[in-house]
Amino acid sequence: MWHPENPIRHDITETRWPTLEEAAASLLFQPVRVGPLELQSRTWVPAMVPWRATADGFVTRENLNWYARFAAGRPGAIVVEATGVRDIPSGPLLRIGHDRFIPGLRELVEVVRRESAGETRLFIQIIDFLSVKRRPDRAKFFERFLKLASRHRRALAEATGDESWLDREETDARMFLKDAPDELIEAVLDERELESLRFGYRERVTDMHLEHIRELPRVLPGIFAEAAARAREAGFDGVELHYAHAYTMASFLSAKNDRADGYGGPRENRVRLPLEVYAAVRERVGDDYVAGVRFLADEAIEGGHRIDDAVYFGKEFARAGFDYLSISKGGKFEDAKQPKVGQAVYPYTGRSGYECMPTVMSDARGPFGRNIPLVAAIKHAVKDEGFQTPVVAAGGINNFEQAEAILRRGEADIIGTARQSLADPDWFLKAKLGRGAEVRRCTYTNYCEGLDQSHKQVTCKLWDRTALDEPGVALSSDGRRRLLAPQWEEEGEGVKGKG
Ligand SMILES: Cc1cc2nc3c(=O)[nH]c(=O)nc-3n(C[C@H](O)[C@H](O)[C@H](O)COP(=O)(O)O)c2cc1C
Ligand code: SF4
């Protein structure tokens with residue numbers, strides 16, 4: 001796990017929890033308008049992939065139980081994990097690229113309605129991503145994957161001083177490169193080929209030599225619009241367009257996007273496709289349906305966009321009519337760690353990944369509310385343009401005092417807590433009932449994120465080994481961890497009894 005040089009270990013902040021009366025008078029537990037609907041409180045569970053879908057992208061019983069468990073804590077809204085908009089294989093990630101996915105998703109909506117007694121609004125995050133291949137075995141790369149061209153032969157001849165490489169048998173050249181030292185490989189392969197060798201092949205939105213990449217602006221609006229229509233049909237209260245982290249739409253917004261077809265270069269061009277996708281979604285789902293967006297306040301990579309672009313995007317998104325802006329940070333491929341042979345590069349392993357899900361091994365600023373100044377900059381700029389569009393903050397927010405202060409200062413309108421909600425899905429309810437002392441507090445050491453990285457069912461270390469012999473407890477595939485947080489019992493009463 002990446003952390004800054006000479007990290008400082010931060011303690012989980014001491015906090016005072018509200019009494020029942022204080023909670024009732026708080027902003028956090030006041031309703032807030034999001035487009036055409038109202039959330040009962042300003043509490044929000046941002047998207048978290050739990051690795052529980054079937055291999056072909058359908059909702060499982062484990063998905064239903066996962067969302068039911070969050071719903072029992074009665075947050076104002078839950079955003080369902082990143083769900084693929086295309087009808088293509090993508091491993092055990094939820095998909096919404098065909099009507100056959102609708103029945104499972106509808107069940108998910110029903111479970112959340114039931115478990116939250118109708119209090120929690122349910123949105124679904126919809127995502128497009130490009131191809132990422134596993135890191136190849138070196139021998140296979142040179143024997144099979146590398147497309148050997150005359151430029152390689154020329155470079156090889158130059159690097160070795162041996163002209164015979166210009167017309168030697170291709171197999172000879174491949175066998176030679178396979179065992180050649182790194183300096184020679186670096187002289188022969190170009191930057192992308194070196195990346196494919198060391199990290200695995202990864203497509204980019206700037207690969208204009210590929211027809212399907214050139215065509216993205218033509219095809220994506222329709223694909224997102226159809227996915228959004230399915231979300232509506234399944235009964236979700238809204239869709240969240242995933243324009244954050246390492247994926248296709250964030251790559252259009254990225255400062256590294258230099259497409260020359262009017263969809264790259266200056267930020268006015270980079271925001272063009274994201275706005276066209278939004279327009280297609282809006283057209284398809286109508287004005288009376290929530291369409292929100294998640295995007296980055298800062299890409300947190302070299303050459304990436306900073307807050308000034310994000311402020312501009314926020315204003316454009318609000319002007320276009322998005323119903324909420326959810327702000328994240330980092331989470332990019334560009335600075336990810338080299339994966340092991342046979343594994344795919346993972347976008348949360350470098351500094352930008354750290355900025356996305358900061359841990360207690362941090363710099364002087366620490367992980368708590370780390371993104372708030374950036375969120376506030378976007379919120380203020382959007383407000384100054386005359387838009388009321390609510391802004392969702394996330395990143396190391398974990399207690400009532402901190403959340404309430406952010407709202408009171410007007411830095412955000414809604415408080416997203418991902419890991420704290422995983423650590424204790426009842427934390428909102430406990431705080432609201434004046435029982436905050438019972439909150440199981442996230443320790444921000446990212447055990448959960450480690451599981452996510454290795455595509456294992458995500459659980460929390462604070463509860464996944466407790467009461468494993470409880471009757472009916474569901475266990476992970478390796479049988480060693482429970483899949484859901486234990487029920488919160490109050491004097492023997494299940495939490496569902498509380499109105
Ligand atoms: C296991 C895990 C899975 C995540 N999956 C997603 C996702 O599907 N989409 C997304 O936008 N963010 C995802 N995130 C990022 C969170 O939504 C959130 O932005 C981040 O964890 C910082 O908030 P926190 O400090 O409250 O955890 C994930 C985070 C975790 C820990
Ligand atoms: S495993 Fe649990 S305690 Fe650790 S960071 Fe994740 S949610 Fe927090």
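## Helix α10, the barrel and two ligand shells

Glu233 belongs to helix α10, which spans residues 216–234, in what is a predicted model. With 13 other C-beta atoms within 10 Å, Glu233 is partly exposed, because a residue counts as exposed at 12 or fewer such neighbours and as buried at 20 or more. Although Glu233 and Arg106 are 127 residues apart along the chain, their C-alpha atoms are separated by 8.0 Å.

The protein is divided into two domains, of which domain 1 is made up of residues 8–131 together with 208–497, while domain 2 covers residues 138–199. The centres of domain 1 and domain 2, taken over C-alpha atoms, are separated by 43 Å.

The sheet is a closed barrel of 8 strands with parallel pairing, running in the order β4-β5-β6-β7-β8-β9-β11-β12. On average, and with direction ignored, neighbouring strands of this sheet are turned by 30 degrees against each other. Within the barrel, strand β9 (residues 324–328) pairs in the parallel sense with strand β11 (residues 391–393) over 2 bridges, and Leu325 stands opposite Val391 in β11. Helix α10, the helix that carries Glu233, packs on this sheet, where it touches β6 (121–127), β7 (238–243) and β8 (290–296), and its direction makes about 155 degrees with that of β6. Helix α14 (residues 307–320) also packs on the sheet, touching β8 and β9, with a direction that makes about 175 degrees with that of β8.

Two ligands are each surrounded by a shell of residues, whose composition by class is set out below.

| Shell | Nonpolar | Polar | Charged |
|---|---|---|---|
| Ligand 1 | 13 residues | 7 residues | 5 residues |
| Ligand 2 | 8 residues | 3 residues | 2 residues |

Ligand 1 is surrounded by 25 residues, and the closest of them are Pro46, Ala47, Ala82, Ala418 and Arg419. At least two residues of the shell around ligand 1 come from each of β5 (77–84), α18 (419–423) and α20 (447–453), and the largest share, 3 residues, is supplied by α20. Strand β5 is also one of the strands of the closed barrel.

Around ligand 2 there are 13 residues, with Arg419, Cys442, Tyr447, Cys448 and Cys460 the closest. Helices α18 and α20 each supply at least two residues of the shell around ligand 2, but here α18 gives the most, with 3 residues. Arg419 is thus listed among the closest residues for ligand 1 and also among the closest for ligand 2.

Note on methods. Residues are numbered from 1 along each chain as its sequence is written. Chains are lettered from A and ligands numbered from 1 in the order in which they are written. This is a predicted model: local features need pLDDT of at least 70, side-chain atom pairs count only at pLDDT 80 or more; totals for chains, interfaces and linings use all residues. Helices (H or I, at least four residues) and strands (E, at least two) are DSSP runs, numbered from the N terminus. A residue is near a molecule or strand if its C-beta atom, placed from the backbone, lies within 6 Å of it. Ala, Val, Leu, Ile, Met, Phe, Trp, Tyr, Cys and Pro count as nonpolar, Asp, Glu, Lys and Arg as charged, and the others, Gly among them, as polar. Domain bounds come from an automatic or database domain assignment. Two strands pair if DSSP finds at least two bridges between them. Axes are lines fitted to C-alpha atoms, for helices over the stretch in contact, and angles run from 0 to 180 degrees between N-to-C directions. Two residues are in contact if their C-beta atoms, placed from the backbone, lie within 7 Å.
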